[in-house]
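Good morning, everyone, and thank you for making time for this. I would like to walk you through one structure this morning, slowly enough that those who have not met it before can follow along on the screen.

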Amino acid sequence: MSMTLLFSTSLNAYADATPSPSPDYQSLMNQYKIDLDQYRAAVQVREQARMQINRTFMLNVEAANRDARTALKVAKTAAAKNEILSNQKIAVTAASVARDAAIAALGALPTPPVKPVKQVEMAPLGKMKNKKSSPSPTR
């Protein structure tokens, strides 16, 4: 009788210890699709901002180059020409620093979502057919 009592309580304890149900694959896949759409939108917004930053940089560099060319046409002395070229380099460097700071302010690229892995159900070992391996061809 004590064996029956011990056996029945261990079965009840085993039956109660069932794992909590995990979300099914379809709901995980739906969430992945939502996350992927949000990721793509974030990447697109970041890319548009980066392109605008680069456009602004290029406009500033072109303006510095244009101003330097115009000023060099009227400069007569070597000192004046050196000052114009120095100012051009300073303007290009300032535009480059501003561009780098603006891109750094965008932050890191967003991390892409991870696609869920479908759980593969394993067949019980007793029901698997024994498969004989074929001999390897020899010559």
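I will begin with one helix and what covers it, and then turn to the charged side chains.

Please keep in mind throughout that what you see is a predicted model, and that each value I quote has been computed from it.

Let us start with helix 3, which runs over residues 78-106. At 1.5 Å a residue, its 29 residues should span 42 Å, and since the C-alpha atoms at its two ends are 42 Å apart, the expectation and the model agree. Just after helix 3 comes Gly107, which takes a positive phi of about 85°.

Which residues of helix 3 are buried? They are Ile84, Gln88 and Ala95, and what covers them includes helix 2, the helix made of residues 25-74.

Of these three, I would like to stay with Gln88 for a moment. If we leave aside residues up to four places away in sequence, Gln88 touches Ala64, Asn65 and Ala68. With one of these, Asn65, there is also a polar contact, side chain to side chain, at 2.4 Å.

Now to the charged side chains. In general, side chains of opposite charge can pair when their charged atoms come close. How many salt bridges does the model hold? The count comes to two, and I will take them in turn.

One of them joins the side chains of Glu47 and Arg50, with 2.4 Å from N to O. Both residues belong to helix 2, where they lie three residues apart, or about one turn of the helix. As for their surroundings, Glu47 is partly exposed, with a relative accessible area of 32%, and Arg50 is likewise partly exposed, with a value of 27%.

The other salt bridge is formed by Arg99 and Asp100, whose closest N and O atoms are 3.4 Å apart. Here, too, the partners are partly exposed: Arg99 has a relative accessible area of 22%, while that of Asp100 is 41%.

Arg99 deserves a second look, however, for where does its charged end sit? That charged end is placed over the ring of Phe57, at 4.0 Å from the centre of the ring.

Finally, a word on rings with rings: how many aromatic pairs does the structure hold? The number is zero, and with that I am happy to go back to any part of the picture you would like to see again.

Note on methods
Residues numbered from 1 in each chain as written. Predicted model: local features only at pLDDT ≥ 70, side-chain atom pairs only at ≥ 80, totals over all residues. Heavy atoms only, no water. Phe/Tyr/Trp six-rings, centres within 6.5 Å; stacked < 30°, edge-to-face > 60°. Lys NZ or Arg CZ within 6 Å of the ring centre and 35° of its normal. Helix = DSSP H or I, 4+ residues; strand = E, 2+ residues; numbered from the N terminus. Polar contact = N/O pair within 3.5 Å; in protein donor to acceptor, adjacent residues only side chain to side chain. Contact = heavy atoms within 4.5 Å. Salt bridge = Lys/Arg side-chain N within 4 Å of Asp/Glu carboxyl O. Buried < 20%, exposed > 50% of the residue type's maximum accessible area, 1.4 Å probe, protein only. Expected span 1.5 Å × (residues − 1).
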